[in-house]
Structures are given as C-alpha cells and as structure tokens.
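Please look through the sequence and the model below before reading on. The paragraphs that follow lead through the structure one part at a time.

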Amino acid sequence: MSLLSDLVNLNLSDATEKIIAEYIWIGGSGMDIRSKARTLPGPVADPSKLPKWNYDGSSTGQAAGEDSEVILYPQAIFKDPFRKGNNILVMCDAYTPAGDPIPTNKRHNAAKIFSHPNVASEEPWYGIEQEYTLMQKDVNWPIGWPVGGFPGPQGPYYCGVGADKAIGRDIVDAHYKACIYAGIGISGVNGEVMPGQWEFQVGPVEGISAGDQVWVARYLLERITEISGVNVSFDPKPVPGDWNGAGAHCNYSTKTMRNDGGLEVIKKAIGKLQLKHKEHIAAYGEGNERRLTGKHETADINTFSWGVANRGASVRIGRDTEKEGKGYFEDRRPASNMDPYVVTSMIAETTILG
C-alpha cells in the first residue's frame with residue numbers, strides 16, 4: 001500500500017510540464033456531481049484557455065441515447081488539493097452541440113442575471129451556510145448513532161467538543177483545509193445542532209462566483225467522504241422527528257445595502273421577497289416542506305416573516321446591521337440541497353430587478 005500511496009502522491013512537476021485537469025459538472029438529478037480528468041500540455045490559469053470537452057449525457061439523465069453528446073464549457077478554475085502541484089479542478093456547465101444550455105444547466109441563466117448592468121453595478125455579495133449530515137455508508141443513518149437507535153437529545157452537540165459530541169471532525173477539518181488550498185472563499189466551519197451534522201460557510205463572494213465555489217466545495221466534501229468511507233447527505237430533513245433539519249442559509253447584501261442608509265434598502269428588498277415567497281420556496285430545494293415546519297429554528301413554509309435576530313423567521317436581520325443602519329440580511333429558507341446558482345441569482349433578480 002505504501003507504493004500505491006507514493007504513486008498517488010507523485011509530484012508531476014518533477015518530471016513534466018503536463019498537468020491533470022479534473023472537469024466537474026452537475027448531473028441530471030441536479031444534485032449528483034460528476035467529474036472526469038484529462039491531461040493538458042501545461043499549466044492553465046484562465047478558464048477561457050481550456051478546451052471544451054464532452055460526455056455521455058444518456059448516462060447522467062441529461063440526453064437521449066441516440067443523441068447523447070453533451071458539451072462541457074469550462075467556467076472556473078481551482079487548485080487541486082488531491083493531486084496538488086499545477087493540477088486543477090475545473091467547474092463546468094453543460095450545453096448541446098448546437099451551443100444551447102441543457103435544461104439542467106442552471107448556471108447559464110444565473111450568469112445572465114449577474115451580468116445585467118443593474119445587478120453588476122450593485123456588486124451583490126453572498127455568504128452561504130451549507131449544512132450537511134455525515135452518514136454511515138451501509139445504512140442510511142448518521143455516523144456516531146447506534147444503528148436503529150438514537151443518541152441523547154439535542155443540546156450538547158452544537159459547536160460541541162469531545163468524541164461523543166463532535167462526530168466526524170477529521171473529515172470537517174480535511175475539507176476546510178482542502179477548500180482553502182483550492183482557492184474557495186470558505187470562511188468557517190462548525191458542528192451543528194444534530195449530532196453528525198456540520199456546516200461550512202462560503203463567502204462573502206460576489207455574483208456567479210458564489211455558485212461556482214459552493215459547488216466545488218460540495219465536490220471536495222464528496223471526495224473526502226469517499227476517501228473516508230462515509231456518505232454525505234444534503235437532505236433537508238435526514239432524520240424525522242425532534243431533530244434539526246439541514247439548510248443553506250443565504251446571507252446577502254448589495255452595495256447600497258452596505259452603504260449609509262442601507263437598512264431602508266434592506267427592508268424594501270425584504271418586502272419584494274415577501275411578494276415572491278411562493279416562487280422562491282418552489283426554487284429553494286426539494287423536500288423543504290419537511291424542514292420548514294415552524295419548529296427547530298425555522299419559519300413555516302407557507303408563511304413569510306422577518307425580524308431582527310429572529311432565527312424562527314423566514315428572513316433575519318442581524319443586530320449589527322440594525323445598529324449600524326446598513327449591512328446585510330439572511331434568507332433562512334433555502335434547503336441544504338438547493339442549487340446555489342438558482343438561489344443567489346433569484347435573490348438578486350427579485351431584489352434588484354423586481
């Protein structure tokens with residue numbers, strides 16, 4: 001095994017200019033991350049200099065067998081923490097051979113919204129709190145939980161320390177460092193309320209980059225849990241009953257919200273979100289009705305509410321923002337399995353273009 005490990009960790013730059021580029025894309029379910037690797041003649045820093053590639057869309061639920069070719073367009077480059085050196089990860093989106101975005105390509109429409117002059121001039125910033133649950137590989141049950149049984153009730157686990165409270169910290173720390181190495185704007189991690197559940201935060205990141213970075217952070221987490229022999233679940237309510245669900249709260253601000261008088265701009269934006277509550281809920285993740293019950297730090301899915309420092313509201317304004325009269329707000333409705341391209345661009349479209 002030591003020889004295998006040595007080969008896996010070979011530094012290619014000692015022997016060649018060639019690099020390995022891992023092309024990453026989103027499959028047909030909207031949550032299945034796919035990737036494959038190719039050799040390039042030398043280092044590349046600009047995604048527009050990377051070659052397009054193709055894959056069999058009939059094997060990902062994205063094309064018919066008789067016309068299965070789907071084209072990958074490279075969009076963002078990250079350093080590869082697994083292969084290191086000059087090797088890269090490439091976030092892509094998917095198109096037909098004719099150049100049209102395929103139906104599951106949510107990035108294309110998001111990029112159009114973010115490139116709108118009125119949106120670009122507002123420099124929208126996002127901070128996304130991605131919750132997830134680490135699951136035992138052979139049974140659909142959180143790690144550290146007795147199979148078919150339950151741990152002690154919630155209370156000691158949130159930001160907890162100790163083998164009976166912080167379950168899976170080695171995976172979390174490995175992921176944290178891998179994200180920093182890759183160039184993702186990860187800003188923190190913490191243990192969550194339910195044992196086996198964790199959160200990482202990405203941001204503040206501007207515009208379309210927020211979606212790119214959350215997707216690559218998810219990819220890294222999938223790869224690290226693969227190595228560790230556990231599964232990661234983005235289900236918004238992985239365990240029924242008196243256990244917290246998993247969300248992806250989206251913190252958001254625009255240039256005018258961050259400037260003096262921004263609190264009034266925030267309140268107007270929240271008013272626009274209220275008018276489009278149903279449309280946003282429909283786009284904020286599958287199975288969210290199991291999470292947004294009005295319990296466990298959530299608002300009821302059918303009712304829009306907002307408040308200062310209220311974690312039981314749909315939208316929360318922080319105390320600092322209230323005190324300073326400017327800042328950001330938090331949309332607490334998105335589920336952990338939301339598409340960050342959809343959520344970030346929809347918030348911008350509703351609050352800036354609406």
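**A walk through the model**

With a relative accessibility of 11%, I143 counts as buried, where buried means under 20% relative accessible area, exposed means over 50% and partly exposed lies in between, computed with a 1.4 Å probe on protein chains only. This is a predicted model, in which local features need pLDDT of at least 70 and side-chain atom pairs count only at pLDDT 80 or more, while totals for chains, interfaces and linings use all residues. Residues are numbered from 1 along each chain as its sequence is written, and side-chain values use heavy atoms, with hydrogens and water left out.

Where along the chain is I143 found? I143 sits in the loop between strand 6 (125-136) and helix 4 (169-182); here helices (H or I, at least four residues) and strands (E, at least two) are DSSP runs numbered from the N terminus. Leaving aside residues up to four places away in sequence, I143 touches L134, M135, Q136, I167, G168, G196 and V230, a contact being heavy atoms within 4.5 Å. One of these partners, I167, is 24 residues from I143 in sequence, and the two C-alpha atoms are 7.0 Å apart in space.

From a single buried residue we can turn to the cores, a nonpolar core being a set of buried Ala, Val, Leu, Ile, Met, Phe, Trp, Tyr and Cys residues joined through side-chain atoms within 4.5 Å. The largest one has 63 residues, and those with the most contacts inside it are M91, Y132, I184, L220 and F329. Helix 5 (residues 208-228) gives the most to this core, contributing ten residues. A second, separate core has 16 residues, including A21, L50, V70 and I88. As for M91, its contacts beyond four places in sequence include I24, W25, Y73, F78, W215 and Y341.

Strand 10 is a good place to study burial in a strand. Six of the six residues of strand 10 (residues 248-253) are buried, so this strand is largely enclosed by the rest of the structure. In a regular strand the side chains alternate between the two faces of the sheet. Both faces of strand 10 are covered, with A248, C250 and Y252 buried on one side and H249, N251 and S253 buried on the other. Strand 10 pairs with strand 6 in the antiparallel sense over six bridges, pairing being called when DSSP finds at least two bridges between two strands. Within this pairing, W125 has S253 of strand 10 as its bridge partner. Strand 10 is also joined to strand 13 (residues 329-331) by three bridges, and these two strands run antiparallel, with C250 standing opposite D331.

Another antiparallel pair is formed by strand 1 (residues 19-26) and strand 2 (residues 33-40), which are joined by eight bridges. I26 has I33 of strand 2 as its bridge partner. The hairpin of strand 1 and strand 2 has six residues between the strands, and G30 there takes a positive phi near 90°.

Which residues of helix 7 are buried? They are G262, L263, I266, A269, I270 and L273. Seen down the axis of helix 7, these buried residues fall within an arc of 115°, so they line one face of the helix; the arc is that of the directions from the helix axis to the C-beta atoms. On the other side of helix 7, K268 and L275 are exposed. An α-helix has 3.6 residues a turn, so residues three or four places apart point the same way.

Helix 7 also holds a charged pair, K267 and E264, which lie three residues apart, about one turn of the helix. These two form a salt bridge with closest N and O atoms 3.9 Å apart, a salt bridge being a side-chain nitrogen of Lys or Arg within 4 Å of a carboxyl oxygen of Asp or Glu. K267, at 35% relative accessibility, counts as partly exposed, and E264 is also partly exposed at 47%.

By this rule the model has 14 salt bridges. Among them, R290 pairs with D235, with closest N and O atoms 3.0 Å apart. R290 lies in the loop between helix 8 (277-283) and strand 11 (306-308), and D235 in the loop between strand 9 (230-233) and strand 10, so the pair ties together parts that are 55 residues apart in sequence. Another salt bridge joins R333 to D331, with closest N and O atoms 2.9 Å apart, and both R333 and D331 are buried. Finally, salt bridges that share partners join E22, D80 and R83 into one network.
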